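Student: I would like a close look at one charged side chain and its surroundings in this model. Please take me through the contacts it makes, and then outward to what lies around it.

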Amino acid sequence: MSMSGHGPMNVFDIAGRAMSAQLVRLNATASNMANAGNVTGSAAEAYRAIKPVFQSVTDSPGVSTVKVQNVVTTNAQPTKRHDPNHPLADKNGDVWEAAVDSSAELVDMIETARMYQNNVQVLNTAKSLMMETIRIGK
């Protein structure tokens, strides 16, 4: 069913859903990058990276797109660091750094931007083809 709820999905529905999913992915990456390097006084309080879980949506054979099923917290463990002078240090002088791999997040951000741009190109191509069809029909 289309995003608007009327009939089968078309190229605009498909690309629009894909772009929405990539935007959720980019927001998750931004949250992770914003929290990278943050420290807390316990492992339980430490930030853990989040990731979207995608699900395929098939309208009919050969017509499918994607949606975000859920956003989950990763199982990555925070890094314990001995820093007795830190104001958040526990009684042993330890702090826990957010469980975020900044390098992996940067790679994910680049991949997400490319996927988003690919879908923008799909929309631009579809628009150009429709305009050319209208021009030919006149």
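Tutor: Take glutamate 105, which lies in helix 2. The model is a predicted one. Glutamate 105 has a relative accessible area of 2% and is therefore buried, the limit for that class being under 20%.

Two polar contacts involve the glutamate 105 side chain. One is with the side chain of asparagine 32, at 3.2 Å. The other is with the side chain of lysine 51, at 2.9 Å. Apart from neighbours within four places in sequence, the residues in contact with glutamate 105 are Thr29, Asn32, Met33, Ala49, Lys51 and Val100.

Glutamate 105 also belongs to a wider charged group. A network of salt bridges links Arg25, Lys51, Glu105, Asp108 and Glu111. Side chains of opposite charge can pair when their charged atoms come close. The structure as a whole holds 8 salt bridges.

Within the network, consider aspartate 108. The side chain of aspartate 108 forms a salt bridge with that of arginine 25, with an N to O distance of 2.6 Å. This pair connects distant parts of the chain, since arginine 25 is in helix 1 and aspartate 108 is in helix 2, 83 residues apart. Arginine 25 is buried, with a relative accessible area of 8%. Aspartate 108 is buried as well, with a relative accessible area of 15%.

Aspartate 108 has a second salt-bridge partner, lysine 51, and here the closest N and O atoms are 3.8 Å apart. Because aspartate 108 lies in helix 2 and lysine 51 in strand 2 (residues 50-60), this pair ties together parts that are 57 residues apart in sequence. Lysine 51 has a relative accessible area of 26%, so this residue is partly exposed. Lysine 51 thus appears in the salt bridge with aspartate 108 and in the polar contact with glutamate 105.

Helix 1 and helix 2 also contribute to a feature on the surface. Leu23, Leu26, Leu106, Met109 and Tyr116 make a nonpolar surface patch of about 390 Å². Helix 1 (11-35) and helix 2 (102-137) each supply at least two residues of this patch. Helix 2 provides the largest share, 3 residues. Leucine 106 is in helix 2, and at 40% relative accessibility leucine 106 counts as partly exposed.

Next comes the stretch of chain that precedes helix 2. Alanine 98 sits in the loop between strand 5 and helix 2. Its relative accessibility is 6%, which means that alanine 98 counts as buried. Setting aside neighbours within four places in sequence, alanine 98 is in contact with Asn35, Gly37, Asn38 and Tyr47. Alanine 98 and glutamine 77 are 21 residues apart in sequence, and their C-alpha atoms are 8.1 Å apart in space.

Strand 5 (residues 94-97) includes aspartate 94. Aspartate 94 counts as buried, at 8% relative accessibility. Its side chain makes a polar contact with the side chain of histidine 82, at 3.0 Å. Not counting residues up to four places away in sequence, aspartate 94 touches Gly41, Lys80, Arg81, His82, Asp83, Leu88 and Ala89.

Strand 5 also takes part in a salt bridge, in which the side chains of glutamate 97 and arginine 81 meet at 2.8 Å, N to O. Arginine 81 lies in strand 4 (residues 79-82) and glutamate 97 in strand 5, so the pair ties together parts that are 16 residues apart in sequence. Arginine 81 counts as partly exposed at 33% relative accessibility. Glutamate 97 is partly exposed too, with a relative accessible area of 26%.

Finally, the record annotates two spans. An unreviewed UniProt entry places "domain: Flagellar basal body rod protein N-terminal" at residues 13-41. That span is 79% helix and 7% strand, and its end C-alpha atoms lie 46 Å apart. The unreviewed entry also places "domain: Flagellar basal-body/hook protein C-terminal" at residues 97-135. Over residues 97-135 the chain is 87% helix and 3% strand, with 59 Å between the end C-alpha atoms.

To return to the starting point, glutamate 105 is buried in the model, its side chain makes polar contacts with asparagine 32 and lysine 51, and it is part of the salt-bridge network that includes Arg25 and Asp108.

How values were computed:
Residues numbered from 1 in each chain as written. Predicted model: local features only at pLDDT ≥ 70, side-chain atom pairs only at ≥ 80, totals over all residues. Heavy atoms only, no water. Helix = DSSP H or I, 4+ residues; strand = E, 2+ residues; numbered from the N terminus. Buried < 20%, exposed > 50% of the residue type's maximum accessible area, 1.4 Å probe, protein only. Polar contact = N/O pair within 3.5 Å; in protein donor to acceptor, adjacent residues only side chain to side chain. Contact = heavy atoms within 4.5 Å. Patch = residues over 30% accessible without salt bridge, like charges linked within 9 Å, V, L, I, M, F, W, Y side chains within 5 Å. Areas by Shrake-Rupley, 256 points an atom, 1.4 Å probe, with all protein chains shown as cover. Salt bridge = Lys/Arg side-chain N within 4 Å of Asp/Glu carboxyl O. UniProt positions renumbered as here; feature names shortened; annotations may be inferred.
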